[in-house]
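The following exercises concern the protein shown below. Each one sets a task and then works through a solution step by step.

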Amino acid sequence: MTIRNLDRLFKPSSIALIGASKCPQSIGQVVARNLFNAGFQGPIMPVNPREKAIEGVLAYGSVADLPVTPDLAVIATPPDTIPGLIAELGQRGTKAAVVISAGFAELGAEGRALQQAVLDAAKPHLLRVVGPNCLGVMVPGCGLNAGFAHVAPIKGDIALVAQSGAVVTSILDWATARGIGFSHLVSLGGMADVDFGDMLDYLAQDGNVRAILLYVEAITHARKFMSAARAAARSKPVIVIKAGRTEEAAKAASSHTGALAGADDVYDAAFRRAGMLRVGELDELFDAVETLATGVKIDGDRLAILTNGGGIGVLATDALIGAGGRLAQLAPETVAKLNGVLPATWSHGNPVDIIGDAPGQRYADALSALLEDRGIDAILVLNCPTAVADSLDAADAVVAAIKGSKRPVLTSWLGETAAAEARRLFARNRIPDYHTPNQAVRAFMHLVRYRRNQELLMETPASVPEQFEVDTPAARAIVEAAMAENRAWLSEYEAKEVLRAYGIPAVQTVIAATPAEAERAAKRMGGRIALKILSQDITHKSDLGGVALNLSPDQVWAEADAMLERIRSAKPDARIEGFTVQEMAHRPDAHELIVGMVDDALFGPVILFGEGGTGVEVVADKALALPPLNMNLARETMARTRIHRLLQGYRNRPAADLDAIALALIKVSQLVIDFPEIAELDINPLFADDRGVLALDARIKVSPPKLEGSKRLAIRPYPKRLEHTVALRDGREFLIRPVRPEDEPLIHAMVARTSMEDLRLRFFAPMKRLSHQMAARLTQIDYDREMALVAQAPADDGSEGDAIYGTVRISADPDNERAEYAVLLRSDMKGKGLGYQLMKEILAYARSRGIKEVFGEVLRENTSMLGLCRDLGFTRHESPDDPGIVEVSYRF
């Protein structure tokens with residue numbers, strides 16, 4: 001369940017308060033006071049068998065006595081009474097309840113059973129439950145204050161959703177003192193039913209909500225959350241604080257990847273992938289909202305700092321570099337312009353220090369020069385009060401200088417009395433202003449991170465540089481053999497064979513049962529040799545002396561004997577299967593990387609990339625990402641590590657093949673998608689240089705999958721199983737497959753060969769081409785709640801490669817009940833049966849997903865589409881809102 005009946009929760013026409021009380025400072029008394037004094041216009045019916053009236057309103061003895069069926073019930077009674085109350089309310093037709101009472105899952109097994117009883121009572125009636133153990137819900141816009149907060153919220157356009165009631169009251173108190181208002185405040189409590197995913201879906205569709213704030217302690221239903229979060233973040237800012245950033249008890253892990261991929265890091269990867277902005281403190285939460293609300297947008301992370309004080313310029317620079325930003329390099333022509341308008345003692349660089357006696361005109365002249373520099377993405381203007389210059393005069397000059405400019409400008413006027421009027425001036429002109437340089441830099445980095453996350457949602461992925469082939473049966477045979485033997489770990493040799501099956505180069509490895517066999521294998525290879533112990537009981541071989549490098553073939557036998565002695569001494573119970581012998585990879589310019597995967601308990605498989613080697617956990621230079629990956633996502637993951645700068649080359653060391661590294665990440669991503677049995681994976685080290693990548697060591701842990709197929713993934717991957725070929729009546733064949741993000745160029749090409757009239761009939765507006773944003777939205781879909789199929793065949797215009805000749809899509813509501821369809825063909829494909837075939841395909845898919853109705857709106861003059869719908873069995877209805885539109889519907 002997602003948004004079904006949530007309107008009854010947040011826009012009720014009537015409310016019952018069960019457990020209303022007159023007892024001072026009791027939950028029932030405070031909730032009653034808040035409910036009756038918030039301005040709600042409908043009936044509020046208190047239920048208490050021992051009172052005649054509550055807050056001057058007649059009280060009722062039971063749910064059965066209520067004269068009106070309430071849309072919303074607010075319950076503050078002992079926990080053991082609540083399943084029965086929910087059942088009784090559901091039978092009467094109530095569709096939403098807020099359970100404030102505690103005493104459920106937080107108390108252990110008995111409480112969990114009671115909580116399940118509440119859900120079992122609600123389910124037959126589709127009654128939605130917020131809580132239990134929550135503060136309540138508040139919607140100031142409709143006078144709803146169904147909670148026990150100590151302060152009434154101000155009406156606004158920010159929605160706050162939190163698990164903790166204490167956090168809601170703290171934020172409410174903090175915000176009210178600053179005049180910040182809310183559209184919704186929701187305490188989810190135990191999240192027995194309504195959770196973060198439901199709230200994101202609901203608030204994303206509410207036009208009165210400008211931004212969504214989340215205070216998260218834990219997520220349930222990761223795929224549902226990710227799907228809802230990605231949809232919401234496309235339409236409005238979603239800003240999140242996650243409690244529990246530092247865990248004292250690190251997760252026990254047997255692989256480097258497991259040890260490096262902490263729970264908070266995984267949450268961070270999920271928030272980034274969803275396009276949300278994560279912040280660390282409450283004041284930062286609202287700073288971020290206000291910064292994004294000004295509409296300021298940036299194109300990059302290069303900041304210029306303009307200041308009348310060198311010290312505060314240095315402080316701002318330190319904050320910028322510490323936060324991962326960049327100082328812009330001033331263009332020579334910009335420096336020349338500044339030389340012409342500033343005193344000779346100016347700083348001649350960035351930060352641009354225009355000296356403490358700077359009047360307004362000096363600010364204006366310097367700012368005008370910086371605004372013309374294309375190498376600057378944003379400008380931070382700082383002012384500290386002095387006795388020889390007027391802070392308000394400087395502010396007036398800044399406002400005048402930036403009029404008509406689209407370059408983002410942020411300001412920080414330090415002080416209180418001298419800065420107060422300047423801040424009011426900036427506020428009137430919608431120019432962001434902050435009390436300190438650190439806050440201003442933090443706001444700039446909010447814009448940078450928000451832009452990066454949004455770009456990941458909308459960026460067209462680059463094509464994979466090579467179409468790699470996978471040998472899934474070969475990898476499957478190795479995994480199944482290990483599981484049949486009840487082995488948790490593949491041997492190093494087996495792990496490398498699995499990597500090779502997925503196109504990841506691995507150093508040649510031979511298994512030897514004895515020291516003598518190891519020597520013979522080494523002599524066959526020639527050159528320098530790496531010798532490693534082979535034992536399923538030893539995870540980190542080098543820790544026990546189980547690795548010897550750079551041996552000559554003649555040294556191998558003696559070293560193998562010595563290695564056996566070391567292992568028997570260090571781990572006597574280890575079962576020794578022999579040795580692996582491999583030729584030393586001589587790649588002096590190669591970097592040692594780690595690529596791995598760990599199966600997170602909530603979000604499923606998580607891909608790790610970073611600096612590798614024996615000190616990998618000490619260095620801890622890593623970035624995490626959720627699969628599936630494409631080239632853009634892989635490159636972005638790499639760019640979040642420190643070693644990424646080294647990979648780009650320095651001094652006489654050539655740049656590594658970054659595409660080959662990114663492709664290795666994609667291949668690992670595909671491997672863990674295809675094999676739910678893989679629980680952990682390490683490639684460490686993975687050599688990377690200008691010749692590509694090479695896996696030197698690899699370990700793979702397997703276990704029976706907890707979920708089948710791709711269900712364990714937080715983001716549903718490309719559903720390759722839907723690919724198939726169809727033939728039209730003229731014999732022409734097309735590949736029918738789901739759309740991919742990489743299809744944007746092919747969609748543009750299809751639209752270019754579609755008439756303006758056909759585009760108008762499809763999009764209900766005249767257009768010649770699709771914008772990047774629209775094309776990205778059509779191709780970068782969430783396969784969990786949308787589907788778009790394309791008809792692909794070889795291009796017919798003489799060009800190489802394939803073309804898309806038509807596409808059809810459905811977009812389902814969050815409840816997966818109804819889905820809206822749309823179809824578009826290249827104009828020269830009309831009348832050939834392709835549109836009919838695509839519609840049959842999408843209807844079959846909708847049926848398989850359990851969708852109950854497919855519907856659409858068709859322009860009345862679009863007779864061909866209306867005829868196609870008739871032939872397929874759609875029913876048609878006149879639109880009550882527009883006589884030019886016909887509504888069509890297909891029910892399963």
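**Exercise 1. Determine what share of the residues is buried and how the overall dimensions compare with the globule rule.**

Step 1. In this predicted model, 55% of the 892 residues count as buried.

Step 2. The secondary structure amounts to 29 helices and 37 strands. The radius of gyration is 32 Å, close to the 29 Å that the globule rule gives for 892 residues, so the protein is as compact as a globular protein of that length.

Step 3. Along the principal axes, the C-alpha atoms occupy a box of roughly 100 × 80 × 70 Å.

Step 4. Among contacts with a separation of 6 or more, 70% are made by residues 24 or more positions apart.

**Exercise 2. Describe the second largest pocket: its volume, its lining and the elements that contribute to it.**

Step 1. The space in the second largest pocket comes to about 1800 Å³.

Step 2. Its lining consists of 48 residues, and those nearest the centre are Arg272, Gly324, Arg452, Ala639 and Arg640.

Step 3. Two or more lining residues come from each of α9 (263-274), β14 (277-279), α11 (310-322), α16 (437-458), β26 (622-625), α22 (631-639) and α23 (643-647). The most is given by α16, with 11 residues.

Step 4. By class, the lining holds 22 charged, 14 nonpolar and 12 polar residues.

**Exercise 3. Establish the location, burial and contacts of Asp621.**

Step 1. Asp621 sits in the loop between α21 (616-619) and β26.

Step 2. The relative accessible area of Asp621 is 4%, which is under 20%, so the residue is buried.

Step 3. Beyond its neighbours within four places in sequence, Asp621 is in contact with Phe609, Gly610, Glu611, Thr641, Arg642 and Ile643. With Ile643 there is a specific atom pair: the side chain of Asp621 reaches the backbone nitrogen of Ile643 at 2.9 Å.

Step 4. Val335 offers a contrasting reference point: its C-alpha atom is separated by 37 Å from that of Asp621, and the two residues are 286 residues apart along the chain.

**Exercise 4. Decide whether helix α6 is largely enclosed or open, and describe its start.**

Step 1. Helix α6 covers residues 196-204. Its buried residues are Phe196, Gly197, Asp198, Met199, Leu200, Asp201, Tyr202 and Leu203.

Step 2. Because eight of the nine residues are buried, α6 is largely enclosed by the rest of the structure.

Step 3. At the start of α6, a side-chain oxygen of Asp195 comes to within 3.2 Å of the backbone nitrogen of Gly197.

**Exercise 5. Characterise Glu519 and Leu551, and identify a residue that both of them contact.**

Step 1. Glu519 belongs to helix α19 (residues 515-525), while Leu551 belongs to strand β22 (residues 547-551).

Step 2. Glu519 has a relative accessible area of 15% and is buried. Leu551, at 8%, is buried as well.

Step 3. Leaving aside neighbours within four places in sequence, Glu519 is in contact with Pro553, Asp554, Val556 and Trp557. On the same basis, Leu551 touches Gly527, Arg528, Ile529, Leu531, Val556 and Glu559. Val556 therefore appears in both sets of contacts.

Step 4. Leu531, one of the residues touched by Leu551, is 20 residues away in sequence and 7.8 Å away in space, C-alpha to C-alpha.

**Exercise 6. Locate two cis peptide bonds and two non-glycine residues with positive phi.**

Step 1. The bond from Gly131 to Pro132 is cis, with omega near 0°. Pro132 lies in the loop between β7 (128-130) and β8 (136-139).

Step 2. The bond from Asn350 to Pro351 is also cis, with omega near 10°. Pro351 is placed in the loop between α12 (332-341) and β17 (352-353).

Step 3. Leu126 is not a glycine, yet has a positive phi of about 55°. Leu126 is found in the loop between α4 (109-122) and β7, and counts as partly exposed at 31% relative accessibility.

Step 4. His221 likewise has a positive phi of about 55°. The loop between β12 (211-216) and α7 (222-235) contains His221. The relative accessibility of His221 is 53%, which is over 50%, so His221 counts as exposed.

Definitions and conventions
Residues are numbered from 1 along each chain as its sequence is written. Side-chain values use heavy atoms; hydrogens and water are left out. On a 1 Å grid over the protein atoms alone, a cavity is a set of points where a 1.4 Å probe fits but cannot get out, and a pocket is an open set with protein on both sides within 12 Å along at least five of seven lines; lining residues have an atom within 4 Å of a point. Grid points are joined across faces, edges and corners, and a volume is the space filled by probe spheres set on the points. Helices (H or I, at least four residues) and strands (E, at least two) are DSSP runs, numbered from the N terminus. Ala, Val, Leu, Ile, Met, Phe, Trp, Tyr, Cys and Pro count as nonpolar, Asp, Glu, Lys and Arg as charged, and the others, Gly among them, as polar. Buried means under 20% relative accessible area, exposed over 50%, partly exposed in between (1.4 Å probe, protein chains only). Contact means heavy atoms within 4.5 Å. A polar contact is a pair of N or O atoms within 3.5 Å; within protein, one must be able to donate a hydrogen and the other to accept it, and residues adjacent in sequence count only if both atoms are side-chain atoms. The radius of gyration is taken over C-alpha atoms; the globule rule is 2.2 Å times the number of residues to the power 0.38.
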